[in-house]
Amino acid sequence: FFFKLMTAYEMLRSLVGSEMCIRDRFKVKQLDTGFLDKLKSRLVARGFSETEGVDYFAQHIYAPVIRFTTLRCLLSVVATFDMECDHEDIRQAFLNADLKKPIYMYPPPGIELLYPEMKPGTLWRLKKSLYGLHVAAKNWNEHINKFLIQQTGFSRSLADPCLYTRYRNGKFMAVSVWVDDLVIAGSSAEQVAKFKAKLRSAYKTDNLGKLKWILGMRVTRDRAKRTITLDQSLYIKDMLKRFDMDKPGMDPPLAIPADPNAKLSRAQCPTNPVDQARMKNLKYSSIVGSILFACVCTRPDIANATRDVCRYIHNPGMPHYRAAMRILRYLKSTQDLGITLGGSTNSIERFAHSDSLYAPCVDTRCSVTGSVTYWNYGPVSWESRTQPTVSLSRQQKQNIMLWVKPFQRCSGIGR
């Protein structure tokens, strides 16, 4: 039990400025097949009542997670070199980290039924980083970072702070961290098993076995061909259901995500309050945000269309809404598509393609740059971006290109 009961009178002098409360929240946990696994409830502190500059400082609460590009690079190496790859989940991760300063909060309503001896006005002093606190994520990240470096001998990547690598006795090992989800890759099963035993001695974990799902992406591995395929078919199905587009035969299939003849512009944004209120009811922001998550994970084919609809999220009009719905219809037709990583044997070949379109933006006349970076035969990074300056010629817009970050040199992956 992570709280220490103290009376209000005893700690009025050390009480922080914010009042903390706990509330119950149910979260639906699903199986890999999408069926219900369990309902999860958690006590959460009301961190929104903390005062910046008193209870926390904004520059001290940032906690990184693994980048999707880094994760795809790691899986590409796993497929190419036929490495072992396991998935481990740490239970109640934040509660493993200690607080650096005392924080007090009010008990949740109804707790007196469990503790009838507790006096009215009792406050709790937190000993651990409870979920909901501004500093909880940062404290946990520092805790797991200290464990991986000091107790297991990993080195933190300069390219990504949530990638840890180790090269010992001719064997390579890497661990990626997304809050409490750990992807563990190693040259041998024995190497991975030893690390998992060390991890379980420090934390309570759930052994999820071989990597099959990660961050809503399904992982399909073909060890004979040395490939790993990522797709988000289940996520796309849930997204279509959320926006009432899951009925079969409702819309005809589409071959491309955007209409090549449609030009979006600011002139199509509503100017009167009535039209603006009507657009708010269409959930444009939710639609675009859901599409964007699919785009950055496994769907580079919708990157350019997604860039277009994101530019008008502050004040969308009906043409913008129709463009977003077209992307949903395209995803409905191609929901099983994904990206395949690896495909080579014991070597990493890196190459990139980049192109640009001269002045397609109606509002700014800026050019658009698109790029895809491959490791072997699988895309690990892609982008569609409006150039920040106006190009005076087609040659000039070709010169304004995005450079590829030397990720391998900084991370140690693919040696």
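H87 is a buried residue, with a relative accessible area of 7%. That value is under the 20% cut-off for burial. The residue sits in strand β4, which spans residues 84–90. Its contacts reach well along the chain. Leaving out residues up to four places away in sequence, H87 touches D181, L182, D206, N207, L208, G209, L211, W213 and I214. Take D206 from that list. H87 and D206 are 119 residues apart along the chain, yet their C-alpha atoms are separated by 8.9 Å. All of this is read from a predicted model.

How far can the model be trusted? The mean pLDDT of the protein is 83, and 84% of the residues reach 70 or more. Over residues 400–406 the pLDDT is below 50. That stretch still has 15 contacts in the model beyond near neighbours in sequence. Residues 1–24 also stay under 50 in pLDDT. For them the model has 75 contacts beyond four places in sequence.

Now the overall build. The protein has 10 helices and 18 strands. Of its 415 residues, 44% are buried. Among contacts with a separation of 6 or more, 70% join residues 24 or more positions apart. The H87–D206 pair, 119 residues apart along the chain, shows such a separation.

What lies inside? The largest nonpolar core has 92 residues. L133 and L328 have the most contacts inside it. Helix α1, residues 68–80, gives this core its largest share, eight residues.

A buried acidic residue touches that helix. D160 lies in the loop between β7 (155–156) and β8 (163–168). Is D160 buried or exposed? Its relative accessibility is 0%, so it counts as buried. Leaving aside neighbours within four places in sequence, D160 is in contact with V65, I66, R67 and T70. T70 falls within the residue range of α1, 68–80.

Next, follow helix α6, residues 284–297. One of its partners is α8, residues 318–333. The two axes come within 10 Å and cross at roughly 40°. An angle of that size is neither under 35 degrees nor in the 65 to 115 range, and α6 and α8 are therefore oblique to each other. The crossing is left-handed. Which residues meet here? From α6 come Y284, I287, V288 and I291. From α8 come H320, Y321, A324, M325, I327 and L328. L328 also appeared above, as one of the two residues with the most contacts inside the largest core.

Helix α4, residues 233–242, is another partner of α6. Their axes are 11 Å apart, and the helices pack at an angle of about 170°. Angles over 145 degrees count as roughly antiparallel, so α4 and α6 are roughly antiparallel to each other. On the α4 side the contact is made by Y235, M239 and R242. On the α6 side it is made by S290, I291, F293 and A294. I291 also takes part in the meeting with α8.

Helix α7, residues 303–310, joins this group. Its buried residues are A303, A305, T306, R307 and V309. What do they pack against? They pack against α6 and α8, and also against strands β17 (368–375) and β18 (378–386).

The loop between α7 and α8 holds N315. At 18% relative accessibility, N315 counts as buried, because the cut-off is 20%. Not counting residues up to four places away in sequence, N315 touches C269, P270, Q276 and H320. H320 is also one of the α8 residues that meet α6. Q276 is 39 residues from N315 along the chain, and their C-alpha atoms are separated by 7.3 Å.

Two backbone points deserve a look. K283 lies in the loop between α5 (273–280) and α6. K283 has a positive phi of about 55°, although it is not a glycine. Its relative accessible area is 49%, so it is partly exposed. Q92 is the second point, with a positive phi of about 45°, and it is not a glycine either. Q92 is placed in the loop between β4 and β5 (98–105). At 48% relative accessibility, Q92 counts as partly exposed. That loop follows β4, the strand that holds H87.

Key
Residues are numbered from 1 along each chain as its sequence is written. This is a predicted model: local features need pLDDT of at least 70, side-chain atom pairs count only at pLDDT 80 or more; totals for chains, interfaces and linings use all residues. Side-chain values use heavy atoms; hydrogens and water are left out. A nonpolar core is a set of buried Ala, Val, Leu, Ile, Met, Phe, Trp, Tyr and Cys residues joined through side-chain atoms within 4.5 Å. Buried means under 20% relative accessible area, exposed over 50%, partly exposed in between (1.4 Å probe, protein chains only). Helices (H or I, at least four residues) and strands (E, at least two) are DSSP runs, numbered from the N terminus. Contact means heavy atoms within 4.5 Å. pLDDT is the predictor's confidence in each residue, from 0 to 100. Axes are lines fitted to C-alpha atoms, for helices over the stretch in contact, and angles run from 0 to 180 degrees between N-to-C directions. A crossing is left-handed if the near helix is turned anticlockwise from the far one by less than a right angle, and right-handed if clockwise.
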